[in-house]
Amino acid sequence: MGTSTNKKTGFGTAPVFLTAISTILGAILFLRFGFVVGSVGFLGALAIIGISHLVTIPTAMAIAEIATNEKVEGGGEYYIISRSFGLNIGAAIGVALFLSQAISVAFYVIAFSEAFKPVLGFLNATYDMGLNDIRIVSIPALVLLGILMLTKGADVGVKALYVVAGILILSIIMFFLGSPIDDPANTSNGLFDKIQGGDGFFIVFAICFPAFTGMTAGVGLSGDLKDPRKSIPLGTLAATLIGMVIYMFLAYKFSVSAKPEDLVNDQLIMSRIALWGPIIPIGLACATVSSALGSILVAPRTLQALAADKIFPNTSVNNFLSTGKGPKKEPMNATIASLGIAFVFVALGNVDMVARVISMFFMVTYGALCLISFLQHFSGDPSYRPSFRSRWYISLLGAVLCIFLMFKMQPLYAILSILFMVLLYVGISSHLGGKQGIAKIFQGFIFQLSRRLQTFLQKADKEAIDSWRPSVICISEDSFERTYPFELMKWISYQYGFGTYLHFVNGYVSKESLAGADKVRKDLIKRAGITNSNVYIDTLISPSQTTAIAQSIQLPSVSGKDFNTYLFEFFRDDEGCGKDIIENLPLVKAAGFDLCILSSSERGFGFNAQIHIWITQNDIDNASLMILLSYVIAGHPDWKKAQIKIFAIFPEDEIEEENTRILELIEEGRLPITKRNVELIASKKGVSDKEIIKEKSKEADLSIIGFRAEGIKQLGKEIFEGYNGLGNILFVNSINEKEIA
């Protein structure tokens with residue numbers, strides 16, 4: 001929700017440009033850029049300017065791209081990020097962005113006070129007044145600025161920007177017209193000349209970089225613009241590029257006008273170089289006032305947009321901060337809150353440490369904007385149709401550089417700022433719930449990546465893939481009665497396999513049945529999310545179980561590969577259950593699927609502690625599939641303490657041979673089954689295999705038993721009966737022998 005009033009009147013492009021350029025050509029230019037050139041030399045200064053703009057230009061292009069695709073309402077950068085990344089993460093970045101903007105007001109007001117140091121020095125020398133604390137200037141200055149904004153609003157702030165920017169430009173021109181402070185023959189003008197033993201490159205970079213963060217200052221006026229789609233791209237890009245060129249010429253002017261020692265040691269060296277020295281303190285005052293004006297214009301609008309989205313846990317706070325005054329919804333209450341934060345830091349008198357964290361938050365914001373642009377290039381979203389387009393590699397470069405430079409500038413502050421962002425995200429998510437969470441960031445990107453991977457796998461030579469992994473499909477109409485088949489699918493899909501679970505809706509396709517099926521699907525997906533399942537879930541409407549199975553076996557797998565296994569389930573204690581399964585097994589076998597039939601009981605999967613595999617001479621071809629499935633299931637954390645035991649029933653004269661074969665199979669397959677967990681049992685006349693299984697596996701949590709398709713034709717459902725007293729049983733039929741090694 002924005003704070004736009006849908007008005008036809010509003011600001012044009014000039015305020016966006018002036019807010020940005022006056023913040024770029026601000027306090028750091030007048031107070032610290034000479035130090036930068038003296039510390040790293042002319043070429044080093046150009047490198048800092050270049051690297052900084054490898055971040056700011058991609059960010060400006062990303063803003064231009066996003067702004068020409070959608071209507072950008074009140075909140076500027078926050079609005080863009082929250083509507084692209086989702087409200088939760090957008091609000092987390094937005095709060096940090098607002099704090100950066102509000103504290104920046106204090107930073108610029110304190111810098112403004114620096115312009116009065118010559119005046120204070122004169123008064124102290126002449127009248128011995130002892131005025132050494134610049135807070136006697138900064139606190140009244142902030143009060144006057146607050147009164148101005150609260151009584152006159154954005155209109156007077158923008159008008160003041162025109163005057164301030166004019167004086168700022170004049171002071172820069174006077175600086176360029178000035179002469180070297182020493183004899184030109186003695187003045188350093190070497191491209192590599194710099195002070196010896198000075199600060200390192202990235203320390204100097206950290207000091208200088210905040211000068212360029214002003215390029216997005218004008219975006220915060222988005223809710224007050226007549227045409228944000230036009231004004232934001234033009235104003236932001238123009239300020240960024242013009243600012244870069246000016247800084248390049250300034251670096252050269254500094255390098256040829258004073259020695260590195262003078263540049264580093266004299267904070268107001270510009271006044272000694274300029275054609276008329278007093279214009280520099282005046283320009284500094286105007287630069288800092290303009291920067292402070294820019295910050296106090298955008299910070300309340302960011303806060304107002306945050307409150308309008310109800311991201312604060314208190315309703316009264318949200319209502320108070322989001323309330324606007326007059327037809328333009330001037331954020332008066334949000335301005336009071338912003339000034340309160342600024343006042344605290346002005347009273348402290350030193351915001352150097354906080355300024356470093358501010359830079360980190362700006363870096364996070366810029367990185368997020370570049371990441372949005374990068375992901376949108378790959379999302380394939382047909383609604384993303386910006387009239388201005390950046391390039392994906394430019395946006396990616398900007399995003400990567402933001403993270404890299406954060407840690408190169410100040411690793412500790414980078415970690416602290418990221419930790420602060422994470423805590424903000426957790427707190428806001430707990431308040432807002434799961435709406436528009438972090439998953440939205442990569443939704444479109446992952447969709448396109450998944451699509452391309454699936455088409456790649458489809459085109460790949462499947463015969464070249466030697467290793468087998470389960471790609472299972474299950475259809476059930478008892479999803480809300482029994483969860484056993486879904487649990488089994490969850491375990492199979494955890495790490496080694498792929499699972500698709502279909503809820504069968506008996507009926508014909510209609511508007512009502514589709515709506516009902518969609519409701520069921522969403523409910524099942526919600527339940528799957530609670531259990532951290534990797535199973536793909538859908539619904540299937542069909543007039544009968546047979547037609548549903550026929551449809552499902554023709555579906556593509558989410559893995560990009562064909563399905564290779566079909567899972568059925570029936571409840572052992574229900575006499576009528578399982579009849580449809582028996583009737584449709586030939587259909588599934590004809591499609592070339594391995595078969596798994598889960599016979600569930602009241603005991604369920606018990607304690608998830610024991611898996612018993614049963615091999616007999618009649619179904620030896622199923623052995624490898626049963627062993628592989630047990631290994632896949634035991635790979636899930638639910639079964640982390642489980643033991644896998646293999647039992648084999650053979651005639652007494654074959655036991656030694658089969659024992660050797662099974663042990664070799666385990667060893668070659670590197671399976672986590674010890675020799676003591678392999679037991680060969682001699683078959684006895686008059687004692688059925690079922691009786692032996694019931695006796696040995698009565699404590700098992702899952703028994704895996706093979707069966708032959710031919711046995712279904714002869715015995716029907718009886719082949720799955722007679723196992724009373726056991727827990728859940730998985731009957732397995734392999735279409736062919738699997739290669740374990």
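What covers the buried residues of H8? I began my entries with this helix, working throughout on a predicted model. In helix H8, which spans residues 201-208, I found Val 204, Phe 205, Ala 206 and Cys 208 to be buried. The cover over these buried residues includes helix H2 (27-31), helix H3 (33-67) and H16.

**Entry: the whole protein**

I then looked up the totals, and the secondary structure comes to 26 helices and 10 strands. Of the 741 residues in the protein, 53% are buried, and the accessible surface comes to about 32,800 Å², with 59% of that surface belonging to carbon and sulfur atoms. When I took the contacts with a separation of 6 or more, I found that 83% of them are between residues 24 or more positions apart.

**Entry: the cores**

The largest nonpolar core has 128 residues, and within this core Phe 33, Val 36, Tyr 247 and Phe 254 touch the most other members. Helix H5, residues 87-114, gives the most to this core, with 17 residues. I followed Phe 254 further and, leaving out residues up to four places away in sequence, listed its contacts as Phe 33, Gly 34, Val 37, Phe 175, Leu 263, Ile 269, Met 270 and Ile 273. Apart from the largest core lies another, of 44 residues, among them Tyr 484, Val 535, Leu 629 and Ile 662.

**Entry: aromatic pairs**

How many aromatic pairs does a search of the whole structure find? I noted 25 of them. One that I examined is the pair of Phe 374 and Trp 392, which is tilted, at 6.3 Å centre to centre and with 50 degrees between the planes. This pair links distant parts of the chain, since Phe 374 belongs to helix H15 (residues 352-379) and Trp 392 to helix H16 (residues 392-409), 18 residues apart. Is Phe 374 buried or exposed? Phe 374 counts as buried because its relative accessible area is 13%, under the cut-off of 20%. Trp 392, by contrast, counts as partly exposed, at 38% relative accessibility. I also recorded a cluster in which ring pairs link Phe 33, Phe 175, Phe 176, Phe 212, Tyr 247 and Phe 254.

**Entry: the sheet**

Turning to the strands, I read off an open sheet of 10 strands with mixed pairing, in the order E3-E2-E1-E4-E5-E10-E9-E6-E7-E8. Its edge strands are E3 (536-542) and E8 (678-682), each of which pairs on one side only. On average, and with direction ignored, neighbouring strands of this sheet are turned by 20 degrees against each other.

Helix H22 (residues 579-590) packs on the sheet, where it touches strand E4 (565-571), strand E5 (594-600) and strand E10 (728-733), and its direction makes about 175 degrees with that of E4. Helix H24 (residues 655-668) also packs on the sheet, touching E6, strand E7 (643-650) and E8, with a direction at about 160 degrees to that of E8.

At the edge strand E3 I looked up Thr 539, which lies in that strand and counts as buried at 17% relative accessibility. Leaving aside its neighbours within four places in sequence, I found Thr 539 in contact with His 503, Ala 517, Val 520 and Arg 521.

**Entry: strands E9 and E10**

Strand E6 (residues 610-616) and strand E9 (residues 702-706) run parallel and are joined by 4 bridges, with Ile 613 having Ile 704 in E9 as its bridge partner. E9 and E10 also pair in the parallel sense, over 5 bridges, and here Ile 704 stands opposite Leu 730 in E10. E5 and E10, however, pair in the antiparallel sense over 5 bridges, and the bridge partner of Leu 595 in E10 is Asn 733.

Which residues point one way from E10, and which the other way? I found Asn 728, Leu 730 and Val 732 pointing one way and Ile 729, Phe 731 and Asn 733 the other, and all are buried. In a regular strand the side chains alternate between the two faces of the sheet.

My last residue was Ile 705 in strand E9, which is buried with a relative accessible area of 5%. Ile 705 and Val 732 are 27 residues apart in sequence and 6.1 Å apart in space, C-alpha to C-alpha. Not counting residues up to four places away in sequence, Ile 705 touches Trp 614, Met 626, Ile 693, Tyr 723, Ile 729, Leu 730, Phe 731 and Val 732.

Notes:
Residues numbered from 1 in each chain as written. Predicted model: local features only at pLDDT ≥ 70, side-chain atom pairs only at ≥ 80, totals over all residues. Heavy atoms only, no water. Pairing = 2+ DSSP bridges. Helix = DSSP H or I, 4+ residues; strand = E, 2+ residues; numbered from the N terminus. Axes fitted to C-alpha atoms, helices over the stretch in contact; angles between N-to-C directions. Contact = heavy atoms within 4.5 Å. Buried < 20%, exposed > 50% of the residue type's maximum accessible area, 1.4 Å probe, protein only. Areas by Shrake-Rupley, 256 points an atom, 1.4 Å probe, with all protein chains shown as cover. Core = buried A, V, L, I, M, F, W, Y, C linked by side-chain atoms within 4.5 Å. Phe/Tyr/Trp six-rings, centres within 6.5 Å; stacked < 30°, edge-to-face > 60°.
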